[in-house]
Amino acid sequence: MTPPFSNRGFGAFMFDMDGTILSSIASTERVWTAWAIKHGLDVESFLPTIHGVRAFETISRLNLPGIDLMTEIEELTQAEFDDVEGIEPIHGAAHFLNALPVERWAIVTSAPRRLALRRLEAAGLPVPPIMVTGEDVANGKPAPDCFLLGAQRLGHKAEDCLVFEDAPAGIRAAQAAGAHVLVITATHNHAGGTPHPSVPGYGSLTPRLDGASRLTLARLAALQEAGA
């Protein structure tokens, strides 16, 4: 099978974290379920709204009376920091990320930095020199700010980057930034209702540099068969 975007190269790759390179759904939903019950929300309808966006946007749009927004966010972040049970890498993510030149990729996540580092450690994934986290932007996903900032820090235009995403808010953010998008379906089993190509994980993919030092996607099995 030919990998998506196999006919073109990119200046850099940007990766969402939760649901894209690691799965923290179990721990996240445990924490948010407890929070939703505490505030009298319908858990079944509420949980789908939390993925891919910052706690700030999630809580703000509820307009809950009598709460201190920043206190709620701090308590939620600490609860998520304390609960890392079941966090694991998406299939093939560790190999894929470790095969990338460190200066050519970034993590762009809605999570706070300390929570992102905690989850990456729990999943056994590398931490790149360049990360954009929830504290770094005024407007979270689906606004394009985070991916524009990530591209800037990488030294490339967003249009020259490939974004790996899983959640609709993140996909819309990458689109708005002008980046190309590859949807990872390992945790949501959908392509976000978008026309972008999708893959279930990284098990059959590996990054390569072409003759012009551009990042490309190659099929891992094909390289192994060729003895690469």
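Start by selecting Phe5, Phe10, Phe13, Phe15, Phe96, Trp105, Phe164 and Tyr202: ring pairs join these residues into a cluster. The model is a predicted one, and the tour stays with aromatic rings before turning to a helix.

How many aromatic pairs are there by the ring-centre rule? The count is 15. To look at one of them, keep Phe15 and Phe164 and hide the rest of the cluster. A ring pair is described by the distance between the centres and the angle between the planes. For Phe15 and Phe164 the centres are 4.3 Å apart and the planes make an angle of 15 degrees, so this pair is stacked. Now colour strand S1 (residues 12-15) and strand S6 (residues 161-165). Phe15 belongs to S1 and Phe164 to S6, so the pair ties together parts that lie 149 residues apart in sequence. Are Phe15 and Phe164 buried or exposed? Both are buried.

Next, show Arg8 beside Phe10, a member of the cluster. The charged end of Arg8 sits over the Phe10 ring, 4.3 Å from its centre. Then go to Arg118 and Phe81, where the charged end of Arg118 sits over the Phe81 ring at 4.7 Å from its centre.

Last, select helix H8, residues 168-177. Which residues of H8 are buried? Among them are Ala169, Gly170, Ile171, Ala173, Ala174 and Ala177. Add helix H7 (145-154), S6 and strand S7 (180-184) to the view, since the cover over the buried residues of H8 includes these elements. S6 is also the strand that holds Phe164. Finish at Gly178, which follows H8 and has a positive phi, near 90 degrees.

Note on methods. Residues are numbered from 1 along each chain as its sequence is written. This is a predicted model: local features need pLDDT of at least 70, side-chain atom pairs count only at pLDDT 80 or more; totals for chains, interfaces and linings use all residues. Side-chain values use heavy atoms; hydrogens and water are left out. Rings of Phe, Tyr and Trp (its six-membered ring) pair if their centres lie within 6.5 Å; planes under 30 degrees apart count as stacked, over 60 as edge-to-face and the rest as tilted. Helices (H or I, at least four residues) and strands (E, at least two) are DSSP runs, numbered from the N terminus. Buried means under 20% relative accessible area, exposed over 50%, partly exposed in between (1.4 Å probe, protein chains only). A charge sits over a ring if NZ of Lys or CZ of Arg is within 6 Å of the ring centre and within 35 degrees of the ring normal. Contact means heavy atoms within 4.5 Å.
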